[in-house]
Amino acid sequence: MTSTNLKIRIDGSAGAAAPYEQLRAQIAEAARAGRLPVGFKLPTVRGFAEELGLAANTVAKAYRALETDGVIETRGRGGTFIAAAADSAAREAAAAAQAFAERALRLGLTFDEATAAVQDALRARFGL
């Protein structure tokens with residue numbers, strides 16, 4: 001299933017991620033990459049669901065996750081738009097870092113041990 005306007009493709013094969021997760025990830029990536037600029041109006045839940053051949057609840061779930069992540073914002077009946085994701089991403093990363101620092105301290109890790117754990121996780125995730 002493919003969206004012609006936004007170039008969203010949902011893989012329905014066995015083993016693929018859940019459709020809402022595929023939709024969430026593709027919109028988030030397009031927003032971060034600038035392919036969906038800040039202020040871009042997304043289709044309505046029902047319209048997008050119909051275009052992609054998905055249930056409206058699937059698209060609504062993806063939109064809720066994107067809104068929680070700060071990637072999109074809903075303006076009531078005005079619609080759903082791409083938010084200034086860079087700002088929210090930086091805020092979320094700072095909050096995650098703060099939570100990790102607090103947890104590392106509770107676990108009794110030294111600064112060097114905590115830093116090494118973060119570096120190992122980042123290297124593994126980014127394939128470095």
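Helices here are DSSP runs of H or I with at least four residues, and strands are runs of E with at least two. Counted that way, the protein has 5 helices and 5 strands. Please keep in mind that this is a predicted model. Here is a quick tour, from the overall fold down to one pair of rings.

**Fold and overall shape**
- Following the sequence, you will meet the elements in the pattern β-β-α-β-α-α-β-β-α-α.
- The radius of gyration is 18 Å, well over the 14 Å that the globule rule gives for 128 residues, so the protein is more spread out than a compact globule.
- Along the principal axes, the C-alpha trace spans about 55 × 35 × 25 Å.

**Packing and contacts**
- Of the 128 residues in the protein, 27% are buried.
- Among contacts with a separation of 6 or more, 47% come from residues 24 or more positions apart.

**Surface and charge**
- About 8,500 Å² of the protein is exposed, and carbon and sulfur atoms supply 56% of that area.
- The protein carries 16 positive and 14 negative charges, and the mean positions of these two sets are 6 Å apart.

**The aromatic pair**
- Searching the whole structure turns up 1 aromatic pair.
- The ring centres of Phe48 and Tyr63 are 6.4 Å apart and their planes meet at 45°, so this pair counts as tilted, since stacked needs under 30 degrees and edge-to-face over 60.
- Phe48 sits in helix H2 (residues 45-52) and Tyr63 in helix H3 (residues 56-68), so to speak two distant parts of the chain, 15 residues apart, linked by the pair.
- Both Phe48 and Tyr63 are buried.

Conventions:
Residues numbered from 1 in each chain as written. Predicted model: local features only at pLDDT ≥ 70, side-chain atom pairs only at ≥ 80, totals over all residues. Heavy atoms only, no water. Rg over C-alpha atoms; globule rule 2.2 N^0.38 Å. Buried < 20%, exposed > 50% of the residue type's maximum accessible area, 1.4 Å probe, protein only. Contact = heavy atoms within 4.5 Å. Areas by Shrake-Rupley, 256 points an atom, 1.4 Å probe, with all protein chains shown as cover. Lys, Arg positive; Asp, Glu negative; His and termini not counted. Charge placed at Lys NZ, Arg CZ, Asp CG, Glu CD. Phe/Tyr/Trp six-rings, centres within 6.5 Å; stacked < 30°, edge-to-face > 60°.
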